[in-house]
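Me: I'd like to go through the labels on this one and ask what stands behind each. Can you give me the value and the cut-off every time?

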Amino acid sequence: MSDSKDFEVDMRKRGEPMFADSTQEFILQLNKAIMHKNIYDIQTLYEHDFERQTTKFYKTTPWPSVGAIEQLVGKDENFLILYQQLYYRHLYGRKPAVGLENQLLSYQNYLDLFNIILGLRTEAPEFEIPGVWLWDIIDEFVYQFSAFHAFRSKVQARESPESTKEDRDLLAQRPHAWSAQTVVVFLKYLAKKGKIPHAGEAGKPHILFETLSVYASIGMLRVNCIMGDYTGGIENLRDIDVLGKHEQVMVPAAHASLHYHLAFAYLMTRRYAECVKCAVDGLTYLSRNKALIPRTYQQNNINKMQEQMFGILALATSLVPQRLEESLASGVQDRFASQMQQMRKMDVDAYRQIFEAVCPKFIPMCMEPAGNNPPEDPLDLQLAVFLDEVRAIFRVPDIYSYLKMCTAINVDRLTSFLGEKDGSLARKLLYLKHKTQSGSLYTENKKKAEKRPEGVPQPRSKEASSSEMQFVVSEEMVHVTEKRQVKQHADFFIREIMRYEYIVADVDNFRRISYF
């Protein structure tokens, strides 16, 4: 009791606002759990108690400052930096915009946190935190990176109340704050940390670093996507089997982020078959694991990415028609019925509407010095690239429809049907062949990784047709083959069996009630 009174007296002397006893108890319990590496208690306090305290006391006000917490727990650097990560995350989650000074302080706190993690002993880390908190750290780090560049663009454009002379001067003094190079370098080092083995163990890293390595790789994919470097994002996933053995360590929010950003990267790199497979896997996982999704701020993010993956499916299947499961096809139709009908009529505006709804928040590829003219809107640049590809695919629908009607056709006859000039058909057939080819990296990563010698890179993705129809030209004849999808009857019979069991159970319950 005397310690509590001394704490209150010291807080009054410092001019710090007092906070509830339950908040003090939460801070002390979290500090104790981290000191003793009690993962179960840390996860319970982080997932439930922190949200409960926030809802009860800090909906509209920030959490106590780190100075107030230091008076309570002492100068525990690791804990104070972890607490500041929670403090700034809560600050970003509130509706009022975060000021530039707080954005820079949060950036420095992340650098301090990552330096501590990178300096931990690999065989026995000084502290451990659960996977859900690790993911939130990486996810929030990338989010704040994106938010800073959005804020910076507004300040440069001087088009909002946030654009003040003080902010412009501060940005000029800190030109490298939240730079893409720094963000990518730290994520790469964190991903590399998971590959360092235990001393005396055959190459198996500690679960903390293994999990963090996977999350950092997903974070790099997200950074590459919002900067428009889709090939770089896909390449970063080659070193870590995020779609294989590491899949089991990921929390639902990491699953959603991985499949959404990877599907979008495949869409923009014209790998439509892999885009559809990736989005389907992500939507299937989320539908089967609804009970695992925590009711936290991440729930809204997961729901949003789920809707965006349906939009990606709508775009990919309209550009290269592919069959979807009945539930997924109906989900796409329910959400984008009018746009799907317009896309069948080759309406570019429908593609624009869905793209703007499903794309991530892009940032400029480079940071212009503060005060210069702002760069062109990155969304307009990415949209122009995508619509150019859409218009290019519109050039060959007639050829595709004629080829689907036959198994073999003479080149001259096909030329007369299409009304083409001599020689132009061959170019269009090659163009159609090129547009329906895509890489197969996603399928390869889903398989068990091969054991390769140290330093030997993973082989590049193979090219395969993303269309259900394939053709070859031989001796003035076009030969066409079509992939026939084998109907899967197992799901239908399982549903019917379960429905029958429910009916039998209802009948039995009715009989028991009637006896009484």
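Reply: Sure. Let's start with a cut-off: buried means under 20% relative accessible area, exposed means over 50%, and partly exposed is in between. One caveat is that this is a predicted model.

Me: Then why is His261 called buried?

Reply: His261 has 5% relative accessibility, and the limit is under 20%, so His261 counts as buried. His261 sits in helix α12 (residues 252-268). Leaving out residues up to four places away in sequence, His261 touches Leu221, Arg222 and Cys225. His261 and Asn224 are 37 residues apart in sequence, with 9.3 Å between their C-alpha atoms.

Me: What makes Lys37 partly exposed?

Reply: Its relative accessibility is 32%. Partly exposed is the range between the 20% and 50% limits, so Lys37 gets that label. Lys37 lies in the loop between α2 and α3 (39-57), and its phi is positive, near 55°, in a residue other than glycine.

Me: And Trp178, buried or exposed?

Reply: Buried: Trp178 has 0% relative accessibility, against a limit of under 20%. Trp178 is in the loop between α8 (165-173) and α9 (180-193). Its phi is positive too, about 55°, although Trp178 is not a glycine.

Me: Which residue with a positive phi follows α4?

Reply: Gly74 follows α4, with phi near 85°. In helix α4 (residues 66-73) itself, the buried residues are Gly67, Ala68, Ile69, Leu72 and Val73.

Me: How do you know that α13 is roughly antiparallel to α14?

Reply: Helix α13 (residues 272-288) and helix α14 (residues 297-319) pack at an angle of about 150°, and their axes are 9 Å apart. Roughly antiparallel needs an angle over 145 degrees, so α13 and α14 qualify. Their crossing is left-handed.

Me: What does each helix bring to that contact?

Reply: From α13, the contact residues include Tyr272, Cys275, Val276 and Leu286, and from α14 they include Ile302, Met309, Phe310 and Leu319. The contact of α13 with α14 divides into 14 nonpolar, 3 polar and no charged residues. Gly282 of α13 is among the contact residues, and glycine counts as polar here.

Me: Why are α2 and α5 called oblique?

Reply: The axes of helix α2 (residues 21-35) and helix α5 (residues 77-93) cross at roughly 125° and come within 11 Å. That angle isn't in the 65 to 115 range for roughly perpendicular, nor over 145 for roughly antiparallel, so α2 and α5 are oblique to each other. The crossing is right-handed. Ile27, Leu30, Asn31 and Ile34 of α2 meet Phe79, Leu82, Tyr83 and Leu86 of α5. By type, the contact of α2 with α5 has 7 nonpolar residues, 1 polar and no charged.

Me: Back to the cysteines: how do you know that Cys275 is in no disulfide?

Reply: A search of the whole structure finds 0 disulfides. For Cys275, the nearest cysteine sulfur is that of Cys278, 7.4 Å away, while a disulfide needs the sulfur atoms within 2.5 Å. Cys275 is also buried, with a relative accessible area of 0%. Cys359 counts as buried as well, at 10%.

Me: How much of the protein counts as buried overall?

Reply: The figure is 47% of the 516 residues. The protein has 23 helices and 5 strands. Among contacts with a separation of 6 or more, 74% come from residues 24 or more positions apart.

Notes
Residues are numbered from 1 along each chain as its sequence is written. This is a predicted model: local features need pLDDT of at least 70, side-chain atom pairs count only at pLDDT 80 or more; totals for chains, interfaces and linings use all residues. Side-chain values use heavy atoms; hydrogens and water are left out. Axes are lines fitted to C-alpha atoms, for helices over the stretch in contact, and angles run from 0 to 180 degrees between N-to-C directions. Helices (H or I, at least four residues) and strands (E, at least two) are DSSP runs, numbered from the N terminus. Angles under 35 degrees count as roughly parallel, over 145 as roughly antiparallel, 65 to 115 as roughly perpendicular and the rest as oblique. A crossing is left-handed if the near helix is turned anticlockwise from the far one by less than a right angle, and right-handed if clockwise. Contact means heavy atoms within 4.5 Å. Buried means under 20% relative accessible area, exposed over 50%, partly exposed in between (1.4 Å probe, protein chains only).
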